[in-house]
Number of protein chains: 2
Amino acid sequence: MVDRCSKPVRMAAMAPRTRQAERRRQVLTRERIIETAVELLDAEGEDALTVRALTGRLATGSGAIYWHIGNMGELLEAATEAVVAAALDARPTETGRARESDRARETGRARGAAGARGAVGTPQDDIRAVALGLFDAVTAHPWLAGQLAIQFTRNPWGPVTLRIFESIGRPVRALGVPRADWFTTASALVHYLLGATTQTRRHAGDDTVPASEAERAAFLDTASSAWQELDPDDYPFIRAIAEQMRDHDDREQFLTGIDLVLTGITTLHPAPMPPAGTRSR
Amino acid sequence: MVDRCSKPVRMAAMAPRTRQAERRRQVLTRERIIETAVELLDAEGEDALTVRALTGRLATGSGAIYWHIGNMGELLEAATEAVVAAALDARPTETGRARESDRARETGRARGAAGARGAVGTPQDDIRAVALGLFDAVTAHPWLAGQLAIQFTRNPWGPVTLRIFESIGRPVRALGVPRADWFTTASALVHYLLGATTQTRRHAGDDTVPASEAERAAFLDTASSAWQELDPDDYPFIRAIAEQMRDHDDREQFLTGIDLVLTGITTLHPAPMPPAGTRSR
DNA sequence: ATGTCTTATGGAGCATTGCTCCATGAATGG
DNA sequence: CCATTCATGGAGCAATGCTCCATAAGACAT
């Protein structure tokens, strides 16, 4: 009884005529609410998004807001979807695999999400690009990590997951994975992706701002030190890696993980019949 | 200012004398609270865990509870840790790698978390055992998925993560991965693990009970059908895999993903110098 | 213009929740 | 027997999500 729609689900352009009559007045849009929600989340953290904060920024009442969104969770989902879509759409829709650029192991390191836009390369590159897009989105919007995690568990096949899955699935297909393994393979990638992105971020205990570089270093330092003082019987491994964890690079590690999974995929599904022009190694 | 401890952190056995005088009365223990919290979560879902529900079950007041736990989030973390620890401790602490049982690809499939207890096999088997332990814990406690995700994002190096990391790290070490890659490799595994476990579960929209097998089938069916009616331009991949997603086995897919990552690891870090008696493939 | 119907708005108010504060009980130590 | 510390139970506050409703603001027919 919670999920009952309080408003007939916004069917885009119902009557053909008076298309502009739809937004005759409409000072308050669902889109505008989502937009402001993202602003609020970005500016003041995930706890700052309350109905009252929204009514303040939008100079309206709660009733008006609920006429458009129906639910707080729904708003959060919409906000998440918006940001994710933006991060993902910064890439070409059509995966035309043409140019060869083998491994390209270290090129992936340098370029940001922006650089991923135009150049259509290896399926591997495409996957890395998607991953990095998400990674950068999470660092740009600290609240996104938590929301991704929540959306993923609460609504495993909601719009957010679907978008990511599709973006990962296409290059997986281009990789030459046998059709029967498409679902499983893409799942594995997405699972790693989400696991990794959700841990990335917030290296200070604070709820505000992305935490400066200095704070991050300080955090890693204290954490590393704390690890070295753990019980050697209970946590031998943690103690052993305390040192390398102190000066690891999140982004680099993230990419290494991706390559690990990619290697697993290409090893289990060697090379299909490569399109002429692509040397198969 | 949130994190201020309202009580001098329970340092186990402070004064040597009167060890039993510590719990002279003490009808209400931190442990008992955690225990009841888990019961509540198991029985009525994650929304059912409120202070008032606790005071009801424990026949006490909120003040008494807060004297022991100080925070709701802290209680949730403790509950999560308790369940995770139980799931993980159902395995031998010392990773004595001795017996050879190559691949053992399909043996891992059949045995449950219980069967993982005694037999110490390949590092790969150990990793699978840990993973399955977590997997089964999540299916046994539906609320665990969400909590794992939250703990993981909110407190990336809290006790929960640490425990899992340690359990995964040891076999990784035994796998022969070069020391410099321990941290990164274990991270990749843990990330996949958490990503996968957090999506697994709750195939019905309900907040109660694990959802029967029939419900699950029905859910998968409708989801699959919905996928096939997506826009072919926006979601070609999703449409293509709608069929195989209908009748996939969560557990099997989970293991396949693990094997994918494991293959990646052993491929990138071939074989160290195998202890005499282990044929290296 | 005028009246009516649908669409949209602003805000008062309710139920619930986390948490603090405090008056009090109970055991111990002097 | 008193004083001190440990522990409890509960009243009450502040914040939040959400519902309900009075009402404004077009659109449309007459």
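Student: In which loop of chain B does B:Ala59 lie?

Tutor: B:Ala59 belongs to the loop that joins helix H2 (51-58) to helix H3 (62-69) of chain B. Helices are DSSP runs of H or I with at least four residues, strands are runs of E with at least two, and both are numbered from the N terminus. This is a predicted model, in which local features need pLDDT of at least 70, side-chain atom pairs count only at pLDDT 80 or more, and totals for chains, interfaces and linings use all residues. Residues are numbered from 1 along each chain as its sequence is written, while chains are lettered from A and ligands numbered from 1 in the order in which they are written.

Student: Why does B:Ala59 count as exposed?

Tutor: A residue is exposed if 12 or fewer other C-beta atoms lie within 10 Å of its own, buried if 20 or more do, and partly exposed in between, with C-beta atoms placed from the backbone. B:Ala59 has 9 such neighbours and is therefore exposed. Its phi is near 50°, a positive value in a residue other than glycine. In chain A, A:Ala59 has a positive phi near 55° and is exposed, with 9 other C-beta atoms within 10 Å.

Student: What makes B:Ile241 buried?

Tutor: For B:Ile241 the count is 24 other C-beta atoms within 10 Å, so the residue is buried. B:Ile241 is part of helix H11 (residues 236-246) of chain B. Leaving out residues up to four places away in sequence, B:Ile241 touches A:Gly169, A:Trp182 and A:Phe183. Touching here means that two C-beta atoms, placed from the backbone, lie within 7 Å.

Student: How many residues does each chain bring to the contact?

Tutor: Chain A and chain B bring 46 residues each. Among the helices of chain A that each supply at least two residues to this side are H7 (143-154), H8 (159-174) and H11 (236-246). The largest share, 12 residues, comes from H9(A). The side of chain A that touches chain B has 25 nonpolar, 17 polar and 4 charged residues. Nonpolar means Ala, Val, Leu, Ile, Met, Phe, Trp, Tyr, Cys or Pro, charged means Asp, Glu, Lys or Arg, and the others, Gly among them, are polar.

Student: How do you know that the two copies are related as by a two-fold rotation axis?

Tutor: Chain A is superposed on chain B by a rotation of 180° with 0.0 Å of shift along its axis, at an RMSD of 0.0 Å. The two copies are thus related as by a two-fold rotation axis. Both copies use the same surface, and 100% of the contact residues of chain A recur in chain B. The superposition is by least squares on the C-alpha atoms of residues with pLDDT of at least 70 in both.

Student: Why is H8(A) called oblique to H9(A)?

Tutor: The axes of H8(A) and H9(A) come within 9 Å and cross at roughly 125°. Angles under 35 degrees count as roughly parallel, over 145 as roughly antiparallel, 65 to 115 as roughly perpendicular, and the rest as oblique. The crossing angle therefore makes H8(A) oblique to H9(A). The residues in this contact include A:Ile164 and A:Phe165 of H8(A), and A:Trp182 and A:Leu189 of H9(A). By class, the residues of the contact are 9 nonpolar, 2 polar and 1 charged.

How values were computed:
Axes fitted to C-alpha atoms, helices over the stretch in contact; angles between N-to-C directions.
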